[in-house]
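Here are some short exercises to work through with the structure open beside you. Try each task before reading its solution.

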Amino acid sequence: MGKLLTIYTDGACQVSTSNGGVGVVFIKDNEVIYQFNKHFKNVTNNQMEIMAVVYALHAISTNFDSITVVSDSQYVLGCINNGWTRKKNQNYWKLFDSVYEKVKSFCSDIKFIWTKGHDTDKFNNLADKLATTA
């Protein structure tokens, strides 16, 4: 079996204060190998969902046979997988495009898949906890 990596990402935002955070969990062989979170100010939830993926991809600096990024954001996955128009958050999408191109040089097999948020996926729940704590 090759080098496989799964990354769970989540973004969170408290609308009343515009404080947000990202949570990222790296999984290999069904074990957490690394996790982190970061706080942001003056943001939206969708911006945090994008930034969670950006930070996840930015952290990759070695070759993998396959990388799967798991998100509960219909918005992010719709824009990435389904060609949804990126009307808002242009600066965030530029960051995504930049790090995505970099990671493609390390791994040609990158998938973005959806999981139901706030449900039974323990790694998504961990990413959510990290994001909301930030």
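A residue counts as buried when its relative accessible area is under 20%, as exposed when it is over 50%, and as partly exposed in between. Keep in mind that this is a predicted model.

**Exercise 1. Classify Leu77 and Lys104 as buried, partly exposed or exposed.**

Step 1: start with Leu77, which sits in helix α2. Its relative accessible area is 7%, and the cut-off for buried is under 20%, so Leu77 is buried.

Step 2: turn to Lys104, a residue of helix α3. Its relative accessibility is 37%. That value falls between the limits of 20% and 50%, so Lys104 counts as partly exposed.

**Exercise 2. Find which residues Leu77 touches, leaving out those up to four places away in sequence.**

Step 1: use heavy atoms within 4.5 Å as the criterion for contact.

Step 2: list the partners that remain, which are Ser71, Asn82, Phe112, Ile113 and Trp114.

Step 3: for a sense of distance, take Lys28, which is 49 residues from Leu77 along the chain; the two C-alpha atoms are 22 Å apart.

**Exercise 3. Work out why α2 is described as largely enclosed by the rest of the structure.**

Step 1: collect the buried residues of α2, namely Tyr75, Val76, Leu77, Gly78, Cys79 and Ile80.

Step 2: compare with the length of the helix. Six of its eight residues are buried, so α2 is largely enclosed by the rest of the structure.

Step 3: ask what does the enclosing. The buried residues of α2 pack against α1, β4, α3 and β5.

Step 4: look just past the end of α2, where Gly83 has a positive phi of about 70°.

**Exercise 4. Describe the largest nonpolar core and say which element gives the most to it.**

Step 1: the core has 33 residues, and Leu57, Ile67, Phe96 and Phe112 touch the most other members.

Step 2: several elements give two or more residues to this core, including β1 (4–14), α1 (45–58), α2 (74–81) and α3 (90–104). The top contributor is α1, with eight residues.

Step 3: follow Phe96 as an example. Leaving aside neighbours within four places in sequence, Phe96 contacts Ile50, Val53, Val54, Leu57, Ile80, Arg86 and Phe112.

Step 4: check for a separate core. Another one, of seven residues, lies apart from the largest, with Tyr8, Val70, Phe123 and Ala127 among its members.

**Exercise 5. Summarise the fold and decide how compact the chain is.**

Step 1: count the elements, which come to four helices and five strands. Their order along the sequence is β-β-β-α-β-α-α-β-α.

Step 2: compare the radius of gyration, 14 Å, with the 14 Å that the globule rule gives for 134 residues; the two are close, so the chain is as compact as a globular protein of that length.

Step 3: add the extents. The C-alpha trace spans about 45 × 30 × 25 Å along its principal axes.

Step 4: see how the sequence is tied together. Of the contacts between residues at least 6 apart in sequence, 64% join residues at least 24 apart.

Step 5: finish with burial and surface. Of the 134 residues, 46% count as buried. The chain exposes about 7,300 Å², with carbon and sulfur atoms supplying 49% of that area.

Conventions. Residues are numbered from 1 along each chain as its sequence is written. This is a predicted model: local features need pLDDT of at least 70, side-chain atom pairs count only at pLDDT 80 or more; totals for chains, interfaces and linings use all residues. Side-chain values use heavy atoms; hydrogens and water are left out. The radius of gyration is taken over C-alpha atoms; the globule rule is 2.2 Å times the number of residues to the power 0.38. Buried means under 20% relative accessible area, exposed over 50%, partly exposed in between (1.4 Å probe, protein chains only). Accessible areas come from the Shrake-Rupley method with a 1.4 Å probe; for residues, only the protein chains shown count as cover. A nonpolar core is a set of buried Ala, Val, Leu, Ile, Met, Phe, Trp, Tyr and Cys residues joined through side-chain atoms within 4.5 Å.
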